[in-house]
Amino acid sequence: MSADRQAILAEAARVFPGGVMGGNILPSDLRFSFNRGQGSRFWDSEERSYIDYVLGAGAMFLGHAHPHVAKAISAQAMLGTHFFATVNDVALRHAQRLVPLIPCAERIRFTTSGSESSFHAIRLARAFTGRDRVLKFEGAYHGNHDYAQLSTTPMTRANFPTPQPDTAGIPGVVRDLTLIAPFNDIDTFASLLSEHGYEIAAVIIEPIQRILSPLPGFLQAVRELTRQYGIVMIMDEVVTGFRYALGGAQAYFGVTPDLATYGKIIGGGLPVGAVAGRADIMDQADPARRGIETYVYQNGTLQGHPLGSAAGLAVIEVLEAPGVYDRAFAMAEKLRAGLQQVFDRHGMGIRVFGEGPMWHMLFTDRVPQNWRDITATDLPRLAQLELEMLRQGLFILPNARRFISIAHTEADLEQTFEAADRACRVVLGKSMAA
């Protein structure tokens with residue numbers, strides 16, 4: 001490690017808790033500071049290049065520094081960067097483009113993150129139904145607020161529907177209001193609703209939950225049962241929105257929720273999110289209703305941010321081009337198939353899987369269907385391989401989902417296969433030496 005890098009990391013440790021800016025931390029030899037990004041790659045402060053499969057937690061579907069997006073941000077910056085949370089021209093144009101694309105959207109309200117979006121969607125659902133409880137699925141991530149940070153990464157098993165907190169500081173009353181169900185298990189879901197359905201304000205669901213694809217008919221059954229019990233169905237499209245189609249997972253799977261939440265991609269990597277949905281639910285946030293019992297306060301100083309909306313409009317223009325999605329899906333399939341060949345050649349016992357522009361891998365012989373299928377695999381051994389892949393120039397985070405952008409090339413894939421091959425040899429060599 002160079003002296004410059006040591007100095008950067010030491011300064012980060014001085015000013016940030018744990019020396020990091022969030023919840024992920026890498027071994028000391030793999031820590032770095034991002035310097036710049038272009039297309040499918042980024043460079044650290046020592047000018048080491050990485051092929052990026054994290055892509056800003058999926059936000060950079062177009063890749064880093066896409067010229068059309070960068071131009072739009074630059075042009076808007078010359079016109080003003082912030083006007084408070086009132087209507088501005090570029091945010092209005094952004095909303096006018098989004099509403100026709102999102103199947104459930106009769107109204108839309110911007111936020112500044114996916115976490116904020118899910119928080120406000122849950123509040124809207126509670127006000128609309130007059131109920132307090134929320135059901136989420138084990139292993140799902142809906143942000144960093146109290147109602148979301150329950151049973152996101154539980155490492156011990158509890159009986160459904162009992163939640164397990166992911167962090168200290170969550171009041172017990174929040175846990176008491178939250179029910180947990182297993183993803184892809186419609187029988188357990190239906191049973192929970194038969195007992196608690198008329199107490200539940202919202203069911204919030206990731207249509208593709210982290211690395212789990214829905215079984216055929218599962219999302220449709222959730223939609224039908226929530227409608228039967230008068231529950232607001234919230235589809236968390238922070239990851240799937242724009243990634244699977246311009247209409248997101250709603251269009252891809254043919255399921256229309258009552259509300260949908262967005263972040264990441266819709267602002268071109270800038271801090272932009274949104275809640276979209278039925279007018280009768282969304283209109284509870286109309287400030288003219290202030291003083292009415294069902295009025296829902298929803299506000300944020302930076303929502304409808306002009307730079308984010310300018311970037312978001314540019315993203316839509318890029319994704320509307322013919323063949324963009326076909327190519328992204330095809331490249332992801334090549335990536336999964338090529339990695340599978342590498343791992344099979346080394347006898348690793350790894351299954352590579354995923355749907356659309358996402359890919360994942362586990363030590364397993366079958367594609368997982370729920371969180372407990374994932375935790376039944378050898379995650380520590382997988383992390384060892386993932387860290388070695390990072391040392392070989394592939395930016396992936398241990399035990400996290402992976403993405404591919406529209407900027408990844410055939411050359412990137414070939415270099416990825418070569419790096420994965422080297423990583424396998426290192427890991428197997430260490431195992432033999434031990």
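## Exercises: salt bridges and a covered strand

Arg-227 and Glu-224 join their side chains in a salt bridge, N to O at 3.6 Å. Keep in mind that this is a predicted model: local features need pLDDT of at least 70, side-chain atom pairs count only at pLDDT 80 or more, and totals for chains, interfaces and linings use all residues. Residues are numbered from 1 along each chain as its sequence is written, and side-chain values use heavy atoms, with hydrogens and water left out.

**Exercise 1.** Work out how Arg-227 and Glu-224 are placed in helix H7.

*Solution.*
- Start with the rule: a salt bridge is a side-chain nitrogen of Lys or Arg within 4 Å of a carboxyl oxygen of Asp or Glu.
- Next, find the helix. Helices (H or I, at least four residues) and strands (E, at least two) are DSSP runs, numbered from the N terminus.
- In H7 (residues 218-228), Arg-227 and Glu-224 are three residues apart, so about one helical turn separates them.
- Now check the surface. Buried means under 20% relative accessible area, exposed over 50%, and partly exposed in between (1.4 Å probe, protein chains only).
- Arg-227 is partly exposed at 48%, and Glu-224 is partly exposed too, at 45%.

**Exercise 2.** Find which helices the salt bridge between Arg-345 and Asp-421 ties together.

*Solution.*
- The two side chains meet at 3.2 Å, N to O.
- Arg-345 sits in helix H11 (residues 324-345) and Asp-421 in helix H14 (residues 410-433), so the pair links parts that are 76 residues apart in sequence.
- Arg-345 is exposed, with a relative accessible area of 55%, while Asp-421 is buried at 13%.

**Exercise 3.** Say whether Arg-210 and Glu-206 are buried or exposed.

*Solution.*
- First, the contact: their side chains form a salt bridge of 2.5 Å, N to O.
- Then the surroundings: Arg-210 and Glu-206 are both buried.
- For the bigger picture, the structure holds 22 salt bridges.

**Exercise 4.** Describe the two faces of strand E12 and the strands that E12 pairs with.

*Solution.*
- In a regular strand, side chains alternate between the two faces of the sheet.
- On one side of E12 are Met-358, His-360 and Leu-362, on the other Trp-359 and Met-361, and all are buried.
- For pairing, DSSP has to find at least two bridges between two strands.
- Strand E11 (residues 351-353) runs antiparallel to E12, joined by three bridges, with Val-352 opposite Met-361.
- Strand E14 (residues 402-403) is also antiparallel to E12, through two bridges; here Met-358 has Phe-403 as its bridge partner.
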